[in-house]
Amino acid sequence: MSLWKRRLPLICTIVFGIMGFILQLVPAFKSFLDIQNQWMTILFGFAIVIGVASLTKYHFKKIRQKPEERIFSYITFSSLIVMAVATLFGMKAETGIFNALYKNLFDYVYVPLDATIFSLLAFYITSAAFRAFKASSWLSTLLLFAGGIVMLGRVAFGPLMVFGELTQWIMSVPTVAAMRGIKIGIGLGMMATSIKIILGIERSFLGGE
Amino acid sequence: MKRFVYILVIISLLFSAGFAEEAENNNELDFTPKGKLEIKDKGNDDGTGVNVFFRPQNKPEEVKYYLLRVYYKSVSEDNLAAQYRIENKDRRYKFNVSLQKRRKHPYPNSRKGVARVYVSNEKGEAVKAFLTESTNTSASWFNINKLSAFMGVLLFLLFVYIFIKQARRGVEFFIRKIPGLEELDNAVGRATELGKPIYYIPGIGTTSRIATLASLNILAPVTRKVAKFATPLKVPNRDPVVMSIAQDVVKEGYMAEGRPDLFNSNDVFFLTRQQFAFAGAVSGLFKREKPGAVFLLGKFYAESLIFAETANDVGAIQIAGTDSVSQIPFFIAACDYTLIGEELFAASGYLSGDPLIVGTMKAQDYLKAILIVLLFIGIILNIFDIDIITKYILQR
Amino acid sequence: MEAISTLFWPTVAVLLTLAIYTFLWEDNPIYKVAEHIFTGVSVGYMIAQSWHNIIMPKLIVPTTNYFSNGRYLLAIYFIIGGLIGLLYLSRFSEKTSWLSRYPIAITVGFYAGFKIVPIWMTNVSKQLNATIQYPNGDSMLNLKMFGKFFDNPTWGNFISAINGPIIVIGVLLVLIYFFFSFSNDNIVVRASRKPALVVLMLGFGGSFGYTFMARISLFIGRMNYIFSDWIEILTTTLGG
C-alpha cells in the first residue's frame, strides 16, 4: 500500500520536477511547455470544489455550535449562490437580468469591499509606524527614521527639498543594497527548497501513511 | 580570391534578378525600389524566432512607405506571420519576428522563414514586391543564456551530496541561532498558558510559490510542538490545494506526537480565494477568537499589515516571515519576530534538525560563498573593463 | 422608481464601505455582515471563474478541438489532466483521500522544478550582475568617477563616486549577515553584524516610507467615492 500512497506520489514529484526544470532550459520544447502550462491549470480547475466543501462544512459546524450566529452563515451562502449564478450566466452574456445582476454585484459589492479593505491599510500603516516609533530598540528607530525622511521627501517642496534629495539617496543606495542582498539570499533559499522537494528530502507535503 | 569571385557572382545574380523583376512592372513605377534585406535565425530559441533587417536605399521622396511581410514556410496568404509598415527614414530597421504568432497550429512544423519587402502606398497596401530573402531556422537544445542557472544547480547538488554524505556519517553541523524561530516555543507556550488558540496563516500564495511550500514545511514541526500542549491550532487558507496539503501536514504532525484525537479537519479550513476578502475574514476571526500566537509565514502581499496589526491588536505574539521584499518592512515594524528573507526557507531545517535538511543549508551557504567570491572577481575585472563574469557567468 | 434603481446600488456600495470601516473601532455585527457577504460573493465569483476561465477554455474547448483535429494523443493527455484534477474530490472520504496526493505531488513537483531557473536568473544572477556593473556597463567601483572627484572635488561628485561602492559593501554585508553555518563568534560575522543591520533597516525604512503615501491615498480614494461620486448621484437623483 505504501507504494501507492507514498512512493508513487513521490516519484510523480521527482519526474514532474525534473520535467519543469528541463522545460526551462531547452528552448526546443517551447511548444510542449505551452501545452504543459495549460495542463497544469486544469489540475487546479476542480480544486475549488474541495474549497467550497470545506467552507460549507465549516459553516455547518458553526451553525450547530453557535445557533445564535447562524444568520452570518446564511448570509455567506446566499451571497455565494447569488453571485455564482449571476456570474455563471451573466459574465459572458451581453444583456439580460443575469448580466445586470452580475455587473451590479461586481461593481457595487465586490469592488468597493475589495477597495475598502485594502484602504484599511492607511490606518494600519500609521499605527504600525507609531508603534515602531515608541519601541525602544535602536533598530526600529532607525527604520522609522529612514521611513520618516522618505515620507517627507515624497511630498517635499520649497525649503524641504533637502528631504527630497535624501529620499532619493535612501531609495537608490541603502534600499537598493538591502533589497538586493535579501533577494539574492531568498533566491538561493528558494532554489534550495525546490531542490530539496525534487530530491525527496523535504516531503511533508505528501502527508503520512 | 575565390570567395571574392563568388561574392561578385552572387551580387551580379541578385542585380540581374532585381532588374528582371523590375522589368515586368516597369510601367507602374517610375523609379527602381532598392534596399538591403536580411533575415537571420534568432537562435537560442525553439526555432520560431527570426530577426529581419531592412535598410531602404531609396530616397524618402521616391518611396515613402515600404511594407515588410514575414511568412513561414513559403510566401502565401495563409502563412503570414507578421507584417510591418515602414516609413522610409533612411535608416536600418530591425524586427524581431515570431514565426508562430498567427499560426493556429500549436506545433512548429516549418523551420523556414521568408521575408519580402513591398513598395507601399499611402493606404498601406502592397504595391510591388521587390526583395525576398529566406532563412532556415533551427531549434536549440540548450538556452545558453541560462547556463549559469544550470551550473549553479549542479554546484549546489555537488555540495548537497558532500554534506549529506557527511551528515550520514554522523558529522554535526553548526547552525546559528535564528531569533524568530527560537521564540516559537515561547509563543506556543504563552498561548497555551492563556488558554487561547494559535493561528497559522500559510500566506496567500498558491502551491506554485516556493514560499508557500516552505511555509508548509514549517507547519509540520509547529504542529508537533502544538500537539505537545494540546493547544487548538487553526489554519485558515486562501487556496484549496494549500488547504489540502495543510490538512495532511497537521494530521501527520498530531499523529507523530501520538495525538491523532486532536486533529479536526475543520480547523484547517478554506475561506476564500479573494485577497482582501481573505484578509477581512481572517482579521474578523482574530478579533473574535483572540489568538495567543499568530504565525504569518509564506507569501504575503499588501494585506500583510492587516494580519499583523489586527493580531497585535488582540495581543497575540506574531512571528512572521515572507519572501516578498516589499512586505518585510511592514512585518518588521508590526510583528514581534520576523524571519527575514531566506530565514523563512531555512526554518524547516532549523526546526526539524533533520541532518539531510541541515546538510542542504550548509550547501546553500557554500554556494553563497562561491558567489561572493565571483562577485569580488567580477568587480575587480570590471574595473579593467574585462566583462567575462558579467557576460558569461552572472548574466543579467 | 427609476431614481431608486439608480441610487440603490451606489448606496449599497457606500453602506458596505462604511460597514468595513466600523471594524477599526471594534468588531461588530455590521462588519460581520459585510465580511460574510464579501466571503460569499468572492467564493461565488471564483466558482464561476473556474468554469469560465479554466474548465471551459483550458480543458473542454482544447480537448474537443484536438479531437476534431485528429490530435488524439494531446486530447487524451488533457483528459488525463482532467481526471487527475478530479482526484482532489477523493478528499471527501477519509479512506480515499490519499488519492489527492497525486495532483498535489504533480503540482508541487512541477512548479518546484519550473521555478528554479527563473529564480536563479532574476534573484541571483541578475542581482549580482547589477552589483558588479551599472545597467550601462560601467563598473560599480568606477575609478573614473573618483578621478572626476579629485579633479573637481564637489559634494555631488563625491556622492556619485561613493554610491557604487556603498551599494557593493551593503550587498556584501547583507549576504554575510544571513550565513547560517558560521558561528556568531566568527570575526567576520561579528564585525559585519551591526553595519548589516544598519543597511537593512535604512533600506526597509525607505521601502516603508515609500509605500506610506500610496496607502493613505487608498483611503482618500474611498472617501472621494462617498463624498464626491455618491453625493453627486444622490443630489441629482433626488433633485431631478
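**Exercise 1. Which domains does the domain assignment of chain B give?**

Before we start: this is a predicted model, where local features need pLDDT of at least 70, side-chain atom pairs count only at pLDDT 80 or more, and totals for chains, interfaces and linings use all residues. Residues are numbered from 1 along each chain as its sequence is written, while chains are lettered from A and ligands numbered from 1 in the order in which they are written.

Step 1. Read off the bounds: domain 1 of chain B covers 31–136 and domain 2 covers 173–353. Bounds like these come from an automatic or database domain assignment.

Step 2. Now for the spacing. Taken over C-alpha atoms, the centres of the two domains of chain B are 56 Å apart.

Step 3. Compare with the record. UniProt, in an unreviewed entry, lists "domain: DUF6754" at residues 138–392 of chain B; its positions are given in the numbering used here, feature names are shortened, and annotations may be inferred rather than shown by experiment. In the model that span is 60% helix and 11% strand, with its end C-alpha atoms 23 Å apart. Helices (H or I, at least four residues) and strands (E, at least two) are DSSP runs, numbered from the N terminus.

**Exercise 2. Find out which element of chain B has the lowest mean pLDDT and which the highest.**

Step 1. Get the overall picture. pLDDT is the predictor's confidence in each residue, from 0 to 100; chain B averages 85, and 90% of its residues reach 70 or more.

Step 2. Go element by element. Helix 1 (residues 2–24) of chain B sits at the bottom with a mean of 50, and strand 8 (residues 198–201) of chain B is at the top with 96.

Step 3. Zoom in on the weak stretch. Over residues 16–27 of chain B, pLDDT stays under 50, and the model has 4 contacts there beyond four places in sequence. Two residues are in contact if their C-beta atoms, placed from the backbone, lie within 7 Å.

**Exercise 3. Describe chain A: what is it built from, and how spread out is it?**

Step 1. Count the elements: chain A has 9 helices and 0 strands.

Step 2. Check the spread. Chain A has a radius of gyration of 26 Å, well over the 17 Å that the globule rule gives for 209 residues, so chain A is more spread out than a compact globule. The radius is taken over C-alpha atoms, and the rule is 2.2 Å times the number of residues to the power 0.38.

Step 3. Add the box: along its principal axes, the C-alpha trace of chain A spans about 70 × 50 × 45 Å.

Step 4. Look at the record again. Among the spans that the unreviewed UniProt entry calls "transmembrane region" in chain A are residues 38–59 and 182–201. Residues 38–59 of chain A are 95% helix, with end C-alpha atoms 34 Å apart. For residues 182–201 of chain A, the figures are 85% helix and 25 Å.

**Exercise 4. Do the same for chain C: how many helices and strands does it have?**

Step 1. Chain C comes out with 7 helices and 0 strands.

Step 2. Its radius of gyration is 29 Å, whereas a compact globule of 240 residues would be near 18 Å. The C-alpha atoms of chain C fill a box of roughly 80 × 65 × 45 Å along the principal axes.

Step 3. For chain C, the unreviewed UniProt entry's "transmembrane region" spans include residues 6–24 and 72–90. Residues 6–24 of chain C are 84% helix and have end C-alpha atoms 30 Å apart; for residues 72–90 of chain C, it's 79% helix and 28 Å.

**Exercise 5. Work out how many residues chains A and C each bring to their contact.**

Step 1. Chain A brings 103 residues and chain C brings 101.

Step 2. On the chain A side, helix 9 (residues 174–198) of chain A supplies the largest share, 20 residues.

Step 3. Sort that side by type: 76 nonpolar, 22 polar and 5 charged. Here Ala, Val, Leu, Ile, Met, Phe, Trp, Tyr, Cys and Pro count as nonpolar, Asp, Glu, Lys and Arg as charged, and the others, Gly among them, as polar.

**Exercise 6. Is Thr193(A) buried or exposed?**

Step 1. Locate the residue: Thr193(A) lies in helix 9 of chain A.

Step 2. Apply the cut-offs. A residue is buried if 20 or more other C-beta atoms lie within 10 Å of its own, exposed if 12 or fewer, and partly exposed in between, with C-beta atoms placed from the backbone. Thr193(A) counts as buried because it has 31 C-beta neighbours inside 10 Å.

Step 3. See what Thr193(A) touches. Leaving out residues up to four places away in sequence, its contacts are Glu202(A), Ile210(B), Leu213(B), Ala214(B) and Phe345(B).
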